[in-house]
Structures are given as structure tokens and as C-alpha cells.
Amino acid sequence: MKVLVVGPGGREHAIIRALLRDQAVQTVEAAPGNAGIAQDVTCHSIDANDGDAVAALAAERGYDLVVIGPEAPLAAGVADAVRAAGIPVFGPSAQAAELEASKAFAKEIMEAAQVPTAGSVHAEELSTAESALDRFGAPYVVKDDGLAAGKGVVVTEDRAEAVAHAQACFEAGGSVVIEEFLDGPEVSLFVLSDGEELVPLSPAQDFKRIFDGGQGPNTGGMGAYTPLDWLEGYTETDEAGTTRDFVGVVMDQVARPTVAEMARRGTPFVGVLYCGLAVTSRGVRVVEFNARFGDPETQAVLERLATPLGQLLMDCAAGTLGQRLQREGEELAWRDGYAADVVLAAQNYPDSPRKGDPISGLQEAAELEGVAVLHAGTARAEDPTDPDAGQLVTAGGRVLAVVGTGATLEEAVQRSYAGVEKISWEGAQHRRDIAREALSGQIKVAPQLPGWVHLSSGKVRELYAPAPGSAWDGEDVMLMVATDRISAYDYALSPGIPEKGRILTQMSLWWFEQLAAEGIPNQVVSTEVPEAVAGRAVIVRRLQMIEAEAIVRGYLTGSGYAEYREQGTVTGIALPEGLKDGSRLPEPIFTPSTKAEQGGHDENISFAQLEQTIGVDQAARLRDAALKVYALAEQRAREAGIILADTKFEFGVDADGQLVLADEVLTPDSSRFWPAESWEQHLAEGAAQPSFDKQYVRNWLTSPASGWDRSSGVVPPALPQDVVTATRGRYLDAYQRLTGQQLEL
């Protein structure tokens with residue numbers, strides 16, 4: 001097979017590299033390509049937007065397939081011209097490319113196909129735009145209704161900025177689409193189509209803003225990574241009871257209906273449908289469609305693709321994708337591991353990027369293990385009087401993408417940045433936080449559950465309210481779902497602990513039952529929950545939660561021991577001299593703490609401070625209730641061979657003013673459990689007590705083995721598999737010791 005790839009950028013370089021790995025592809029050439037692409041294949045200097053020129057080249061050179069990369073040639077009808085010449089082409093017609101070329105047209109198609117997306121208004125004048133901005137409210141989303149290379153979108157809390165962007169589009173002779181803001185993380189999914197049949201690639205996430213933390217103006221994209229571990233547990237269940245994973249949801253609710261609607265209109269979509277999606281609290285919603293591979297997601301996605309790309313694209317171009325799927329199924333082959341890329345951009349990008357700066361370090365970067373350098377805006381210095389003549393120089397806004405691959409996402413990202421560090425030119429810029437949130441476990445996607453609407457995500461649990469018309473509608477309850485995420489030192493860690501949510505939920509329910517027999521009320525209403533979260537979720541009463549953590553310590557350790565060593569007290573309570581880490585206290589002490597917002601840090605406070613916060617009477621009630629629960633639980637735990645060193649409770653107040661035990665209780669995430677049989681020996685030896693709880697994870701994080709500095713402000717590294725496995729084993733051991741039962745997982 002002889003293939004021509006049309007386009008000058010990093011996306012096209014990634015496509016070319018993937019085609020060169022396909023043994024069925026004998027020749028790959030590019031038009032016009034760039035300086036980096038020219039190192040790999042023959043390039044032809046033509047205008048990629050000139051359909052007649054591309055078609056003539058394709059006929060003259062005898063290509064079996066033409067692949068059109070960028071959006072501008074597609075919108076200009078280059079694919080139409082090549083098809084008219086009788087040559088198979090991967091890329092939609094100009095009419096089908098309107099899905100990207102016009103935001104208003106895309107919304108029309110989505111409405112006709114009943115594709116879930118944000119509410120929107122197409123505005124051609126300022127008064128309409130201002131009315132729509134007021135209707136949807138902040139954050140304001142204003143999109144230029146046309147091709148903008150990823151830079152025509154403004155998302156802002158500032159209404160004046162939103163109005164100014166709309167006005168600028170109007171003054172340029174265009175129109176805008178005003179949309180409601182979609183919450184939740186964004187995902188890119190490429191779906192290949194032959195006009196009828198479809199096959200998805202691997203989901204990816206890109207980073208559109210120029211600066212770290214999603215700050216600054218939009219760009220074409222500053223980096224990406226794939227696959228997305230945080231999407232693995234995402235499911236949606238329809239009214240018929242059919243449960244689909246994320247890709248299944250997108251294929252059934254977005255891609256297939258859209259392609260079917262395009263075919264119904266007589267404008268079949270042949271090529272790649274780029275689905276830009278938001279995973280919201282209400283389910284998957286379309287942010288935008290593109291009519292081509294996304295850049296920079298393509299660089300990462302195709303680096304992992306093991307299925308030969310050439311024949312796959314030819315099947316789409318020739319209308320034979322359905323035959324392929326019948327033979328081989330929808331699942332493509334992927335290389336193990338992860339891929340991440342970081343974009344290096346020119347000085348002043350995205351406004352007016354500087355060109356002509358000599359680039360150094362390319363060879364050194366490409367020689368690193370697991371690193372590939374893909375060119376976007378590069379050229380050769382041509383002035384013979386220039387001492388840099390023939391050297392690679394910057395020639396565009398986004399200049400390079402450095403792709404790293406590895407067995408873990410962390411390794412892939414590290415390799416990408418190792419390559420970036422080898423490359424330099426004057427004014428080069430790049431983001432330093434590609435995949436940082438994923439690595440730190442900060443991206444949380446709640447499963448969509450029938451009958452429930454997602455309310456919020458905590459570090460380790462999700463909260464839902466009854467959906468209108470559901471069985472629990474009108475009841476003052478919530479669904480509380482425990483996840484497998486684990487947190488320490490105010491970070492959600494990666495990966496999670498398999499089945500942790502189920503183990504801890506069942507342990508809490510066991511404790512609630514034991515304590516209820518002693519007259520301690522709790523907030524659990526029912527364990528009849530959706531099948532997708534069975535065993536890890538409970539339906540609970542809504543309570544007026546007390547804004548303090550109720551901590552009881554029967555043994556001295558952790559932050560209490562740290563304060564004792566310095567001051568001889570714990571939250572202002574004087575303790576006897578000579579106590580060690582792990583010493584049993586003369587009697588349990590109540591040591592409250594603040595209850596920080598999500599992402600904040602709880603701080604120990606004195607009882608006097610607690611009285612000032614929640615009132616004298618409430619503070620006394622909280623203390624007495626917490627001490628009573630601890631005394632009952634400590635006795636029961638000791639009978640099971642476990643020392644309950646300390647624990648944290650949360651209480652709320654019900655409609656009758658009764659103090660009610662809430663949340664999870666007496667689990668390895670909220671308590672320190674030690675084996676009773678070895679406690680005295682470890683105390684005598686001055687050794688740390690072995691634990692059945694997440695103290696094991698804390699110990700690893702602060703050990704030399706992790707390489708993590710707690711004071712650095714850098715997110716912790718991924719937990720190694722042995723730590724994950726050992727932690728899971730400890731959780732199960734604690735459950736089985738306490739309850740005397742085996743937990744079926």
C-alpha cells in the first residue's frame with residue numbers, strides 16, 4: 001500500500017510514524033509535511049488546502065490511500081477532490097466536515113440525533129449573545145462558530161470578557177455559540193467511521209490552556225495522555241437495565257446516532273469523528289465534535305496502537321470497515337502501558353509565536369528509552385549566509401511534541417519530561433503539569449446510577465440524591481458510595497486498593513449493628529442499593545452535620561504523640577511523663593479537630609476551642625457520645641485480638657435534635673488498629689506498632705523507598721503493587737478478626 005498523508009503538523013507526523021509500523025504499507029509520503037517529517041519520508045511542497053493540487057499529486061504518484069490530517073483542508077473540500085479523482089481517501093467531505101467547521105451545525109445534528117450535549121444559543125448579534133450569557137450564567141462559555149484551531153473558545157467567570165470575545169467574533173464577520181457550562185473532567189475519544197460502521201480508539205485527555213493549572217488562554221493543546229485509569233469504573237445503566245462502560249456509552253449515545261444522522265442527510269461521515277466529551281454529574285455530554293484526529297491526543301494514542309493503522313484507515317475509506325469488524329470484532333489491539341506527550345511551544349504562543357529560533361537537543365531526546373519526538377512547527381534555516389543554515393528552527397506556535405511511553409502513567413510522564421529537558425531554544429515554553437491530577441488521584445468520576453443524581457465527590461466516597469420520580473424521591477436521604485480510593489496526608493493516592501470500598505462499608509455496617517444494640521443511633525436507612533454499587537453503598541438519612549471531628553485516643557501515637565513530646569499535652573490535655581509511642585493512656589481522651597473542606601487539612605483543637613465553634617452544650621454532648629462509642633468499640637475489638645488505638649467519629653443531628661453517628665465508622669480509614677498479641681513487645685522494644693490500617697501506606701510514603709518529601713508540595717508517587725496488595729490484606733484481616741466472618745469478594 002502506498003499512502004499520502006496531507007498536512008504539516010504533529011498530528012500528521014504521528015500518523016506517518018504509525019503507518020510506517022504497518023508491514024502492509026510499503027510507502028508513506030507527505031504533503032507538505034515539515035522538517036521533522038522530511039527526515040522520515042518524502043515530502044511534497046504543495047498547498048494542503050488546494051484540492052486540485054492534492055488530487056493531481058495523488059493521481060500522478062499512484063497512491064492507494066490519501067489521509068487528510070488537518071481541519072482546514074477538510075473544510076475546503078480536499079477530500080471531495082481526491083474522491084472525485086477515484087482515489088480512496090480517509091477524511092470527510094466538506095459537507096460532513098461541517099460538524100467541526102460550524103458549531104451551530106453540530107448542535108443541529110446533535111439535536112436531531114438526540115445526542116446529549118450542553119444547552120446552547122447560536123448568536124449573530126450582541127444582544128442575543130448577552131441574553132444567552134445571562135440565561136446560562138457563569139462560568140460563561142463562548143465559542144467562535146467556525147474553525148479556530150482550538151483557540152476560539154473562551155470559558156470565564158468574567159461576563160465582560162465573555163462579551164468582549166463575542167463582540168470580537170462579530171466584528172470579524174462571524175457568529176458565536178453560547179453554551180451552558182459542563183462540570184466534570186473532559187475526555188477525547190476518536191471514533192473511526194466508514195460512513196456506517198464505527199470502531200473506537202483509546203480515550204485520552206488533553207490540556208488546552210497554555211499555563212499550568214489550566215491558566216491562560218486556550219491553545220491547540222499542550223499535552224495529552226492515555227489510557228485513563230480514572231475512567232475504568234465509569235458505567236451508565238439505561239432504563240432497560242443494560243450497563244455500559246464509558247466507551248460503550250459514547251458509542252451508543254453519541255457516535256452511532258451522529259453518524260447515522262449524517263448518513264440520513266446524504267452526507268455520510270467517512271474519517272475520524274473526534275468526540276470531545278465532559279463526564280458530568282448528569283452523565284456524558286458532548287462538548288464539541290471535530291472532523292479529524294485531535295492534536296496532541298493523536299501523538300499519545302497512536303503511540304500505543306498495535307493494530308496496523310494503514311489497513312484500518314483503508315477499510316474506512318473503502319467502506320469495508322463492517323467486513324473487518326465481522327472478522328475481527330470491534331476491539332483493536334493496544335500496546336501494554338501508557339503514553340503521554342508534552343508540547344513544546346514557541347515564545348509568545350498562542351498570540352504571535354516567534355519563528356526562526358535554532359533548536360538543540362533533538363537527537364539526545366530521541367535516543368532516550370521510551371521517548372519519541374514528533375515535529376509540528378519546524379523548518380530548516382535556508383539563508384546560505386546564516387551560520388545556522390540547514391539547522392532545524394522553529395516555524396510555528398506548537399513546535400514539537402515529546403512522547404513518553406512506560407509501564408505506568410508515572411513512567412510515561414517522567415520519560416516525556418526527560419525528553420523535554422534535553423531540548424531547548426530561546427523562549428521555549430511548555431506545561432509542567434501534564435497528567436498531574438491523574439497521578440495524584442484528584443480526578444474523580446462518579447458512576448451514573450439509576451434513580452440517583454450525583455451530588456459531590458469526596459476523597460474516598462461519592463454522594464447522591466434521589467432522582468425525580470425515583471423510589472426515594474421526596475425522602476430526606478442520600479446514597480453514600482465508598483470508592484476504592486485511598487487518601488493520606490490530604491492527597492488522594494493512586495492506584496486505589498481493590499475492593500476497599502466494599503470491605504470498609506461492610507465493616508461499618510457490622511459496627512453500626514453492634515453499637516445499635518447498645519443504644520447508639522446511626523444514619524443508615526437501607527442497604528438496598530443499585531446493583532452497580534452493591535456492597536459498597538448505603539442509603540442514609542440527611543443530618544445536620546456537626547462541624548468538628550470527634551477523635552478519641554486510648555493510646556498515644558501519631559500527631560498526639562508528636563505534640564506530647566514537645567509540650568507534654570494533647571490538644572491541651574496534660575498527660576503523665578514517660579509515655580512512649582504506643583503507650584496506653586490512663587483513660588481515653590477526647591481530642592477534637594476541625595473539619596476541613598475538601599482539599600483542606602484537619603487541625604487538632606482544644607476542647608475550649610470546640611466550645612467556641614459549636615457551643616458549650618453541643619461540645620459536651622459530642623465528647624460524651626464519642627467516649628461512650630470508643631469504650632464499647634475498644635472492648636469489642638480487644639475481645640477480637642485487636643487494639644483500637646484511636647479513632648475518628650462524625651456525628652450529625654436529626655430532626656428531633658438527637659445526636660446520630662454518621663459516615664463510616666471504626667474502619668481502617670478512620671481508626672488505628674494494632675494486633676493485641678504483639679503490642680507489649682513492640683512497646684518495650686520502642687518499635688512502631690504494626691497496623692491493620694492505612695498507617696501502613698503512610699509509613700511507606702514517608703520512607704526512603706518512596707522518595708517522596710512530604711514538605712515538598714509535590715504529589716506523592718504511585719503506590720507500588722506490593723504496598724497495594726499488603727494494604728488490602730490488612731483491611732481484610734481486620735474485618736475478619738473483628739467480625740469472625742469471611743468476606744466474599
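This short talk walks through a sheet, two helices, two cavities and one valine. Keep in mind that the model is predicted.

Let's start with the sheet. How many strands does the open sheet have, and in what order? There are 5 strands, and the order is β3-β2-β1-β4-β5. The pairing is parallel. For anyone new to this, strands of a sheet pair through backbone hydrogen bonds, either parallel or antiparallel. Now look at the ends of that order. The edge strands are β3, residues 42-43, and β5, residues 89-90. Each of these pairs on one side only.

Next, two of the pairings. β1 and β2 run parallel and share 6 bridges. Within that pair, find Gly-7: across from Gly-7, in β2, stands Pro-32. Then go to β4, residues 65-68. β4 pairs with β5, again in the parallel sense, over 2 bridges. Here Val-67 has Phe-90 of β5 opposite.

Stay with β1 for a moment. Is β1 mostly covered or mostly open? Mostly covered: 6 of its 6 residues are buried. A reminder helps here. In a regular strand the side chains alternate between the two faces of the sheet. In β1, one side has Lys-2, Leu-4 and Val-6. The other side has Val-3, Val-5 and Gly-7. Every one of these is buried, and both faces of β1 are covered.

Now the helices. Which strands does helix α2 lie across? Helix α2, residues 51-61, lies across β1, β2 and β4. The angle between α2 and β1 is about 160°. Helix α11 comes from further along the chain, at residues 309-318. Helix α11 lies across β4 and β5, and runs at about 90° to β4.

On to the cavities. Rolling a probe the size of a water molecule over the atoms shows where empty space is left. In this structure there are 5 cavities of 30 Å³ or more. The largest cavity has a volume of about 120 Å³. Of its 14 lining residues, Met-480, Ala-482, Thr-505, Val-538 and Glu-664 are the closest to the centre. Where does the lining come from? β27, α16 and β31 each supply at least two residues. α16, residues 500-516, gives the most, with 5 residues. By type, the lining of the largest cavity has 8 nonpolar, 2 polar and 4 charged residues.

The second largest cavity holds about 70 Å³ of space. Its lining includes Leu-99, Met-110, Lys-143 and Phe-289. α6, β9 and β19 each supply at least two of the lining residues. α6, residues 103-113, has the largest share, with 4 residues. How does the lining of the second largest cavity divide by type? There are 6 nonpolar residues, no polar ones and 5 charged.

Last stop: Val-453. You will find Val-453 in strand β25, residues 452-457. Is Val-453 buried, partly exposed or exposed? Its relative accessibility is 31%, so Val-453 counts as partly exposed. Buried would need a value under 20%, and exposed a value over 50%. What does Val-453 touch, leaving aside neighbours within four places in sequence? The contacts are Leu-463, Tyr-464, Ala-465, Ala-467 and Pro-468. Now compare Ala-631. Val-453 and Ala-631 are 178 residues apart in sequence. In space, they are 38 Å apart, C-alpha to C-alpha.

Technical notes. Residues numbered from 1 in each chain as written. Predicted model: local features only at pLDDT ≥ 70, side-chain atom pairs only at ≥ 80, totals over all residues. Heavy atoms only, no water. Pairing = 2+ DSSP bridges. Contact = heavy atoms within 4.5 Å. Axes fitted to C-alpha atoms, helices over the stretch in contact; angles between N-to-C directions. 1 Å grid on protein atoms, 1.4 Å probe; cavity = no way out; pocket = protein on both sides within 12 Å on 5 of 7 lines; lining within 4 Å. Points joined across faces, edges and corners; volume = space filled by probe spheres on them. Nonpolar A, V, L, I, M, F, W, Y, C, P; charged D, E, K, R; others polar. Buried < 20%, exposed > 50% of the residue type's maximum accessible area, 1.4 Å probe, protein only.
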